[in-house]
Amino acid sequence: MSDFSPGQRWISDGEAELGLGTVLNCDARSVTILFSASQETRTYNTRQAPLTRVMFGSGDRVLSADGWQMVVDDSKESGGLITYIGEDSDGNLRELPEAKLADTMQFDQARDRLLTGQVDRNDWFDLRFRTLHHYQRIEQHNALGFSGPRIDLIPHQLYIANEVANRHAPRVLLADEVGLGKTIEAGLILHRLLLNGRVERALILVPDSLTHQWLVELLRRFSLNVTLLDETQSQAHGSYNPFESAQLVLASQGWLFANPQRQEQALASQFDLLIVDEAHHLDWSEEGSGPGYRCVEQLSAVIPGLLLLTATPEQMGIKSHFARLRLLDSERYHDLERFKAEESHYTEVARAIDALEALPGNPDASAHVSAVADDRDSQALLATLCNEEASEAQQDAARAQLSEALLDRHGTGRVMFRNSRRHVGGFPERRLNLAPLALPSAYRRVVRRLERDEDYLDELLIETGMDHPDVLIYPDAAYRELSNDPLNGEDWWHIDPRVNWLLEKLSDDSESGFANEKVLIIAHHRETAEGLAEGLRVLGGYHAPVFHEDLSLIERDRAAAAFADEEGGVQVLVCSEIGSEGRNFQFCRHLVMFDMPQHPDQLEQRIGRLDRIGQRHAIELHIPTFEGSPGERLLRWYNEGMDAFSAPHGVGNELFDAFGDALADALLDDEALEEIIAETRTMFNAKLAEHDVGRNRLLELNACRPARAQQVIDAVRELDEDAALPRYLERALDIFGVESQEIGKGLMHLQPSQHMLDGLPGLVKGEEGFTATYSRAQALVRDDVQRLSWEHPLLREMMGRVLDGTMGNSALALLRHDAIPSGRLMAELVFRTHCPAPKKLHLNRFLPPTAVRLLLDESGANLTSKISFTGLGKNLQKVNKSLARDLIKSRHDQLRELLTQGEGEAERQLPSIVENAEARMRAQLDAEIARLTALAEHNPAVRSAEIDALKDERKALSEAIENTRLRLDSVRVIITVDADR
Ligand SMILES: Nc1ncnc2c1ncn2[C@@H]1O[C@H](COP(=O)(O)OP(=O)(O)OP(=O)(O)O)[C@@H](O)[C@H]1O
């Protein structure tokens, strides 16, 4: 240890962040140091002071207290104090006494830390290098963002997520049929965009009833912490814009759409992505748009990315659907008639794609394809496909490429993704169980009078205040509205036989009964649901929670949780139509439709609560119907007219548009009904056939291209099975002070040790920690088990901390080697590329932080290719820190020289790194620009802004890559010792 003199500069070995200290006073026993930058004063015992004298040498860059910089050339010492001599940035020769060094000088760069004797543990250096290596690999991996989420690898979802997340500021409609996983798709897209930096802030707007479900899904499946914003929370922020309070904001549509002031705040808060669930509720009509549509229209004008989610895009009519497409791209979707005309061509395109299977050797098929594939490239592919002399492999490749090219031309395909059960396959059977019941006298009176007396309908509408045909379809509602009638004295559920039927089924333990089974009941009106629950309680002693749109969030979630609970939960949940939309109830297989909804899409939404991914049983649909009632006629229309209970057919909306009004008029007239059913059936068959070859066929083919989906799945599996992950994690956990214990069945328990470094996600000292697995399958069946992947927050946090901080950037180790005399010095230098660029460019896909490793011996010989990192590491031994400091001090000059030499050698490798990155970037972006430009000629859904944005991106990326610099990331000094020492 050097002698201390006032004015000397020292730094604390343990607390380098205090900055540069100055000796204030000292005597034989103690020394007091002032750390001005952090305003701390410390007194140490001179014999054990954990301090290192700061001495700069030739080539070091220093900063003066007055703010100018200098590169040290020489130094002189007088009275124990050093004065540095060197050139400032203007080339002037200057002197700088150490007392005038800036207090704020930080010693966190590898070079400074090494030369001031701050060394870390050898295994930290090791972890740092490995972290850099894996980070570089994962950042470029095709599965980035898709491998972490706790989901089953379902092809259509991964296909869509990959297609969308790879686009610049994606704007799409996710319109898979009910329950096929739109939330999962949106989650995957968001997760990938967050990980690759293209999105930093997202706003998610969902119906009130789904806020909690989204919150849970995003956390449980994607480890994304989302902030749920409501009015109470917003008020707590006072005058501060509450939307600025988090990166990921989830808000209920009901709240935001009704609140212009909050909308202003949302508009002012710069989000990168907007997600809107159940988007069919954004109502628009020629007479004017609703508040939801207007709000999203404004937001989507300032937020670059937009995901609209709906299972029933056309539920509110084709015009309303078109208006929502306009939210995605107002330039493209401004003329409905043109849009319809375009759609009429899709039949030819679909037919041409199907015809490819008949080639070669079929002139008709060839003519179909030729008529559509009229550009030069496509014609060339067609020629290859039809060339009898081409090999089978060549023909297959041509067929696949041609099919892709034709699909790409399909206008809406780029904007709308719609998978259907039929196409995806593997969904359970649906079984219809009808329970015909006699009309109770109170309802019969009304129906019979309506049948007899034409004028009575108007009277009834006025008396009840209900709409037509609601008044006919929902007799209990009409009964409630006519409560002044002395004959309607009792509660409706006392007189309604459906309630008794239900009670009998609930207690029936035969195969056709509900005893021991969960049952979901959906009724159209909230009041029906509430009355029914009361009836079940009073008449049968059943506790059936009610789930409807006017419940508070907590009440609703409590009801859903009680129903989901397998042990001790409730058997029955009664829902209203709107209240249950979007919810996950696939753990249940019995659905009672207490009445019928009016729109086929609503019917599909109801069945979709159970018929979802994860449903393992055939679905039992139970419908009590009143014989000879309007409700029964409506059911017949659904069943006989459009086979609505067996599977979704995707044509319900068109049939409703065509026959909805006539049907309402036929609900009291069997003869008229028969006619409407027959006409509906004819149109149903025709539409199915038309859709099979036209737009739906194209949407179907386009919503999941199996070969590409498989590539994404393979990429995810590659990361799932990456053997390097457990090895890396074991090392990292050890260093961060987390204990891991195998507990069998592929599970491990992670627990904080006493020495754990603070701030690791999910781990708090003194608490239990968590159970985790590498296995996707295990994690899917065990909600309480976390899945470990490169994308798990714990791994990302540890990797981030290593790479962003100083951890392990300087180390010293001893090498015992027979062949090398002792006392020799080597320096292992790791340089890292730095390439400042906006995160949104996602530069890492082409040039992630890249390591350049050099191993130099004291003579300057480059041993890098002779001794690998791992090979060297195996023979190294750790050394205590004070010895390490002494060794470094004694070799200061040699080390400086090696560092300077290393910089030069590493610099020579930079051009090829830059060139390769530039080439990779150009290969990908040029191809994409060329593809989009060619496509734009055929497909108007390709936004010109998208192509321009890609061109701008290419330019910005090129400039950023060009500006890449190499910096020393870490250094390890190696000193040889005798093998037998
Ligand atoms: N890949 C997957 N792995 C595991 N579970 C999944 C997967 N995809 C979907 N699920 C589950 O299936 C159910 C339906 O998915 P999701 O809620 O995303 O469907 P949706 O299309 O949004 O439904 P809706 O049309 O009713 O809004 C959810 O419980 C979801 O967690």
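The questions below concern a predicted model and the grounds for some of its structural labels.

Q: What makes helix 26 largely enclosed by the rest of the structure?
A: Buried means under 20% relative accessible area, and 10 of the 13 residues of helix 26 meet that mark, so the helix is largely enclosed. Among them are Arg 633, Leu 634, Leu 635, Arg 636 and Trp 637.

Q: How do you know what span to expect for helix 26, and what does it reach?
A: The expected span is 1.5 Å times one less than the number of residues. For the 13 residues of helix 26 (630–642) this gives 18 Å, and the distance from first C-alpha to last is 17 Å, close to that value. Just after the helix, Asp 643 has a positive phi of about 50°.

Q: Why are strand 25 and strand 28 said to stand at the edges?
A: The sheet is open, with mixed pairing and the order 25-26-27-28. Strand 25 (738–744) and strand 28 (786–787) each have a single partner strand, so one side of each lacks a neighbour in the sheet.

Q: How do you know that strand 26 and strand 27 pair?
A: Pairing requires at least two bridges. Strand 26 (747–752) and strand 27 (770–773) are joined by 4 and run antiparallel, so they count as paired. Leu 747 stands opposite Thr 773.

Q: Which element gives the largest share of the largest nonpolar core?
A: That core has 70 residues, and Phe 736 is one of those touching the most other members. Helix 31 supplies the largest share, 8 residues. Helix 31 (724–736) also lies across strand 25 and strand 26, at about 135° to strand 25.

Methods. Residues numbered from 1 in each chain as written. Predicted model: local features only at pLDDT ≥ 70, side-chain atom pairs only at ≥ 80, totals over all residues. Heavy atoms only, no water. Helix = DSSP H or I, 4+ residues; strand = E, 2+ residues; numbered from the N terminus. Buried < 20%, exposed > 50% of the residue type's maximum accessible area, 1.4 Å probe, protein only. Contact = heavy atoms within 4.5 Å. Axes fitted to C-alpha atoms, helices over the stretch in contact; angles between N-to-C directions. Core = buried A, V, L, I, M, F, W, Y, C linked by side-chain atoms within 4.5 Å.
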